[in-house]
Each structure stands twice: as C-alpha cells, then as structure tokens.
Amino acid sequence: MADIAKLVEELSKLTVLEAADLAKALEEAWGVSAAAAVAVAAGPAAGGDAPAAEEQTEFDVILTGDGGKKIQVIKEVRAITGLGLTEAKTLVESAPKALKEGVNKAEAEEIKKKIEEAGGTVELK
C-alpha cells in the first residue's frame, strides 16, 4: 500500500502536459485507449432499447493550459473573448477554464485551432 501512496504522490507532481504525455505513453505501451476504457465502463443503457445519441450542437471551449507560451496564448484569449489584459492573464493562469460556452462546432473548432497555434491546449466539451 505504501508503494501506491508514493506513486500517487509522485504523479501528483506532474504538470498537465506531463500527465498527458504519460497517458499517451501508457496507451501506446499497453495498446489501450483511455476513451475506449470509459466507453466500455459506461456500457449500453439499461434495457437495450436506448435511442441513438443526438449529435452535439453546442460546445464549451475549455482552455486547459498555456503550453509554456503564456504570452501568445494571452494574446489569443484577448482576441477571442474581448477581455482586457489583466482578465485574459488571469483566465490563462487559472486554466482549466472556459473560454466560450454554448458555441457551434465550427466556432469551437476555430477557437481551438487559434489557441493551439499560439501554443496552448484546448478541450471541447
């Protein structure tokens, strides 16, 4: 048990990017995907007569990190949100944080692309 606690303690020291790299490395090493594991765990709805899931039409764009390029990401956040410098800086430093909520897929993808080009990381929900 002590070994597990020590491992948890060490993993807690990882940055978000290091944790993402670790997850990718484990997926490759073990030949599994975290998304597949979640899908299997969720399983089909009880009764088996569940209707097909509706396609998502509204997305929340979540800034998950600045990728070490904080200034460039802050500039993009300001351009996307219209926030002032201080507000944009606070938002980037407090990631993960929502940039925009309830936007269509095209706008969400465009925002994601801009942030990723600036060096940041984004998640669409």
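Contacts between residues far apart in sequence are a good place to start with this predicted model. Among the contacts in the protein chain with a separation of 6 or more, 67% are accounted for by residues 24 or more positions apart. Burial can be read alongside this: 17% of the 125 residues of the protein chain count as buried.

The secondary structure of the protein chain consists of 6 helices and 3 strands. Read from the N terminus, the elements follow the order α-α-α-β-α-α-β-α-β.

The strands come together in an open sheet, with the order β2-β1-β3 and antiparallel pairing. The edges are taken by β2 (97-103) and β3 (121-124); each has a single partner strand, so one side of each is left without a neighbour in the sheet. From one strand to the next, the twist averages 20 degrees.

Strand β1, spanning residues 59-65, deserves a closer look. Its pairing with β2 is antiparallel and extends over 4 bridges, and within this pairing L63 lies opposite K97 of β2. On the β3 side, β1 is joined by 4 bridges, again in the antiparallel sense; here G65 has T121 of β3 as its bridge partner. Solvent accessibility adds to the picture of this strand: β1 is mostly covered, with 6 of its 7 residues buried. As a reminder for readers inspecting the sheet, side chains in a regular strand alternate between the two faces of the sheet.

Turning to the helices, one packing pair is described here, formed by α4 (residues 70-81) and α6 (residues 105-118). Their axes come within 8 Å and cross at roughly 155 degrees. Since angles over 145 degrees count as roughly antiparallel, α4 and α6 are therefore roughly antiparallel to each other. The handedness of the α4 and α6 crossing is right-handed.

The residues involved can be picked out readily in the structure. On the α4 side, the contact is made by Q72, V73, E76, V77 and I80, which meet I111, K114, I115 and A118 of α6. Sorted by class, this contact between α4 and α6 comprises 6 nonpolar, 1 polar and 2 charged residues.

Taken together, the model offers two pieces of architecture to explore side by side. One is the antiparallel sheet ordered β2-β1-β3, in which β1 has 6 of its 7 residues buried. The other is the right-handed crossing of α4 and α6, whose axes come within 8 Å.

Conventions. Residues are numbered from 1 along each chain as its sequence is written. This is a predicted model: local features need pLDDT of at least 70, side-chain atom pairs count only at pLDDT 80 or more; totals for chains, interfaces and linings use all residues. Side-chain values use heavy atoms; hydrogens and water are left out. Axes are lines fitted to C-alpha atoms, for helices over the stretch in contact, and angles run from 0 to 180 degrees between N-to-C directions. Helices (H or I, at least four residues) and strands (E, at least two) are DSSP runs, numbered from the N terminus. Angles under 35 degrees count as roughly parallel, over 145 as roughly antiparallel, 65 to 115 as roughly perpendicular and the rest as oblique. A crossing is left-handed if the near helix is turned anticlockwise from the far one by less than a right angle, and right-handed if clockwise. Contact means heavy atoms within 4.5 Å. Ala, Val, Leu, Ile, Met, Phe, Trp, Tyr, Cys and Pro count as nonpolar, Asp, Glu, Lys and Arg as charged, and the others, Gly among them, as polar. Two strands pair if DSSP finds at least two bridges between them. Buried means under 20% relative accessible area, exposed over 50%, partly exposed in between (1.4 Å probe, protein chains only).
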